[in-house]
Structures are given as C-alpha cells and as structure tokens.
Amino acid sequence: MNWQQQATSGFRNCSDLLDYLEIPNTDRSHVLEHHRFSMKVPLSFANRMNKNDIHCPLLKQVLPIAAENDGITQSQSVPDPLQEREFLTAPGVLHKFQNRFLVIASGYCPVNCRYCFRREFDYENSALSLADWNQRLNELKNTPDIEEVILSGGDPLTLSDRRLAMIINDLRQINSIKAIRIHTRFPVMIPDRLTDELLEIVRWKNTESVRITIVLHINHPNEINDELHKKLKHWNQSGVLFLNQSVLLKGVNDSVLTLKKLSYRCFESGVMPYYLHQLDRVSGAMHFEVPLSEGQKIASELRTQLPGYLVPLYVQEIPHAKSKVPLISMCN
Ligand code: SF4
C-alpha cells in the first residue's frame with residue numbers, strides 16, 4: 001500500500017484494534033466504542049504497539065476510553081483551550097505570535113490522538129482551501145513583519161507532494177519570509193510518507209534565504225521503530241533539519257527514564273528535542289494531565305541526566321501570551 005492508502009485505511013473501531021493486539025475482553029471494560037471524535041489508527045502504528053498489553057503507551061494515545069466522558073475528570077477542560085478561534089484572522093490562517101503565521105494547511109490527520117488540543121477544531125470552515133490560498137498569499141505579502149510560516153493542521157503532509165511544493169514555492173517568493181516550518185506527525189504514523197520525491201522537494205526548496213525545518217511529534221521512544229529510524233537518518237544525512245515536540249502524558253511518558261530514552265532515540269535518528277508540552281486542557285483529554293508540580297520535577301531531573309542539547313524545553317501555551325511559557329526556571 002502507498003502512503004495515501006495507508007492513511008485512509010487502518011483501524012476505525014476499538015474492537016478490531018484490540019482483537020488485533022490480542023487484548024483480552026476482561027481488559028476492555030473502560031473502552032468507549034463510539035465517540036464523536038472517532039478512533040483512527042494506521043496499521044503501521046498499531047504494529048509498534050505491545051501485544052496483550054492494555055497499558056501499552058502507544059495504544060493509550062489513540063484508544064477512546066470512558067474517562068473522556070467523565071464529568072468530574074473533565075471538569076476543568078474546554079473545547080478550545082488555546083482560544084484559537086480568536087486568532088483565526090482568515091480561513092486557514094492563525095496569527096498567534098508577532099512575526100509568525102500558522103497555516104492550517106489541511107484538516108486531515110492519519111490518526112486521532114485522544115489528547116489533541118484541536119480535537120474540537122472546526123476544520124470544515126477553518127482549514128485552508130485552494131481557493132483561499134492566493135488571497136492568503138497577498139495578505140502575507142502585505143504583512144512584511146511575518147518572517148516565518150508554520151504549516152500545520154490537521155497534518156500538512158496529508159497534502160500531495162505537488163501541492164506542498166506549490167505552497168512552499170509561493171512562500172519562498174515573499175521577501176520577508178526567512179523560514180518555513182512543517183509541523184507533522186504523519187511520518188511517525190506512516191514512515192512511508194518520507195518518500196524520495198518529498199525529500200527532493202524539501203532539499204531543493206531549502207535554501208540559505210529560506211530554511212525549512214520539519215517539526216515532528218513523537219511522545220514515546222517505542223514510536224521510532226527501525227523503519228522510521230532509517231528513514232529519518234537518511235533524510236537528516238541528506239540535509240533535513242528535524243526537531244521533535246512531545247506532550248507530557250500521564251501513563252504514556254511521565255517518567256524521567258522514558259523521556260531520557262526518547263531524547264536519545266531521537267538523537268540517534270537525527271532529530272533534536274525541542275519542546276515538552278504541558279497538556280492543553282481540551283475537553284475529553286484531562287485524564288492525560290500530569291500535575292504541573294510533577295512535570296516540573298520530571299523536567300528538572302531530566303536536565304541533570306541529559307546533556308543540555310538533548311533536553312526539551314518544558315513549556316505551556318497560554319492564550320494571548322507573546323510566546324510559549326517555560327515551566328521551569330533555567331537558573332537553578
Ligand atoms: S497528529 Fe497532531 S493534529 Fe493530528 S490528531 Fe494527533 S495531535 Fe492532533
């Protein structure tokens with residue numbers, strides 16, 4: 001199967017996935033079979049999960065469970081924790097930080113992560129359409145303080161190579177833009193998305209005047225299997241800069257040992273740790289929240305166990321703050 005077929009197939013209901021993973025019925029009582037934010041898991045990602053292990057850290061990230069609907073657990077959550085609706089300056093564009101534009105390049109993801117802060121996002125009316133693109137470009141040309149454009153989503157790598165090349169090319173014509181970032185979890189879910197054709201586009205468009213960076217989203221070292229490791233390494237050796245951002249998730253990666261392994265595994269694959277995010281309190285995801293004091297302890301300990309260049313910055317995004325807010329002091 002090519003990457004497009006893999007992205008539209010895979011598991012769409014819990015029973016099929018749990019059967020595939022040989023999870024006994026006795027371990028399924030907390031599973032939520034039907035949910036508005038449906039389950040979506042590519043086969044490639046399922047193949048990295050542990051068999052017969054309901055606590056598998058990869059499975060936990062994608063399996064809908066009853067806690068998502070529990071009023072007490074979810075009491076402090078909201079549908080739009082980053083108040084992104086207020087920053088949507090036009091369909092497909094979020095202007096949150098002074099010199100950066102974030103483009104909702106696609107409303108589609110090959111996976112539905114249960115903790116996703118955009119799980120309630122109105123993609124239907126707010127993702128970029130082809131028809132909107134020229135207008136957005138004109139707006140960008142008329143906003144010379146914009147120095148960087150972030151392609152986000154959904155997942156921008158759901159777009160065809162041709163469309164991505166066109167978007168990147170158009171952006172490169174704007175003098176003020178010095179950097180393009182691609183925020184994606186697609187290659188982590190489906191390593192086959194890292195095709196030679198896409199590599200050529202990224203390499204060809206990556207010039208001294210406009211740098212392209214790919215920011216991946218990997219939460220656990222087991223997500224980097226040999227196939228993904230080889231592809232990332234090859235791309236990195238071909239000159240592509242990868243960064244990684246993770247979300248601190250209870251029961252998934254909330255230990256110093258796991259995060260340390262993740263940093264080293266990323267480094268081996270040519271991916272530099274970037275951010276460790278405190279969970280955004282989106283409705284249905286509160287059971288993943290690690291208390292701030294615990295997160296701070298983990299992040300501080302991580303600094304003592306890793307060289308500085310492998311320590312992700314523990315941060316939180318706070319609506320209307322001018323940048324992401326670091327959650328531990330760098331002075332002690
Ligand atoms: S890949 Fe990213 S945008 Fe897509 S569901 Fe997961 S966290 Fe959300």
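This passage walks through a predicted model, beginning with its sheet and ending with its ligand and cysteines.

The sheet is a good place to start. Ten strands form an open sheet in the order β1-β2-β3-β4-β5-β6-β7-β8-β9-β10, and the pairing within this sheet is mixed. Its edges are taken by β1 (88–90) and β10 (325–326); each of these has a single partner strand, so one side of each is left without a neighbour in the sheet. As general background, strands of a sheet pair through backbone hydrogen bonds, and the pairing can be parallel or antiparallel.

Strand β4, which covers residues 148–153, offers a helpful view of the interior. On one side, β4 pairs with strand β3 (residues 100–106) in the parallel sense, over six bridges. Within this pairing, R100 has E148 of β4 as its bridge partner. β4 also pairs with strand β5 (residues 179–184), again in the parallel sense, here over four bridges. Two partnerships place these strands in register: E148 is matched with A179 of β5, and L151 is matched with I182 of β5. E148 therefore appears as a bridge partner of R100 and also of A179.In a regular strand, side chains alternate between the two faces of the sheet. This pattern can be followed along β4, where E148, I150 and S152 point one way while V149, L151 and G153 point the other way, and all are buried. Six of the six residues of β4 are buried, so the strand is largely enclosed by the rest of the structure. A similar description applies to β5. There, A179, R181 and H183 point one way and I180, I182 and T184 the other way, and all are buried. With six of its six residues buried, β5 is likewise largely enclosed by the rest of the structure.

Further along the sheet, β5 is joined to strand β6 (residues 211–217) by six bridges, and the two run parallel. One of the matched pairs here links H183 to V215 in β6. Strand β7 (residues 241–247) contains N244, a residue that counts as buried at 3% relative accessibility. N244 and S29 are separated by 215 residues in sequence, and their C-alpha atoms lie 34 Å apart in space. β7 pairs with β8 in the parallel sense, over six bridges, and V247 stands opposite H277 in β8. Strand β8 (residues 271–277) is mostly covered, with five of its seven residues buried.

Some backbone details deserve a look of their own. Most residues other than glycine have a negative phi, and most peptide bonds are trans. Against that background, G153 and G154 are joined by a cis peptide bond, with omega at about 20°. G153 is one of the buried residues of β4, and G154 lies in the loop between β4 and α7 (161–172). Q83, which is not a glycine, has a positive phi of about 50°. This residue is found in the loop between α4 (57–60) and β1, and Q83 counts as partly exposed at 32% relative accessibility. H320 also has a positive phi, near 75°, although it is a residue other than glycine. H320 lies in the loop between β9 (313–316) and β10.

Where does the ligand sit? It sits in the largest pocket. The residues around the ligand are C109, V111, C113, C116, G154, R185 and H217. By class, this shell has four nonpolar, two polar and one charged residues. Two of these neighbours tie back to features described above: G154 takes part in the cis peptide bond with G153, and H217 falls at the end of the range given for β6, residues 211–217.

The cysteines complete the picture. A disulfide is a covalent bond between the sulfur atoms of two cysteines. How many disulfides does the structure hold? It holds zero. For C266, the closest cysteine sulfur is in C113, and at 15 Å it is too far for a bond. C266 is buried, with a relative accessible area of 1%. C116, one of the residues around the ligand, is partly exposed, with a relative accessible area of 24%.

Conventions
Residues numbered from 1 in each chain as written. Predicted model: local features only at pLDDT ≥ 70, side-chain atom pairs only at ≥ 80, totals over all residues. Heavy atoms only, no water. Disulfide = S-S within 2.5 Å. Buried < 20%, exposed > 50% of the residue type's maximum accessible area, 1.4 Å probe, protein only. Near = heavy atom within 4 Å. 1 Å grid on protein atoms, 1.4 Å probe; cavity = no way out; pocket = protein on both sides within 12 Å on 5 of 7 lines; lining within 4 Å. Sits in = over half its atoms within 2 Å of the grid points. Nonpolar A, V, L, I, M, F, W, Y, C, P; charged D, E, K, R; others polar. Pairing = 2+ DSSP bridges.
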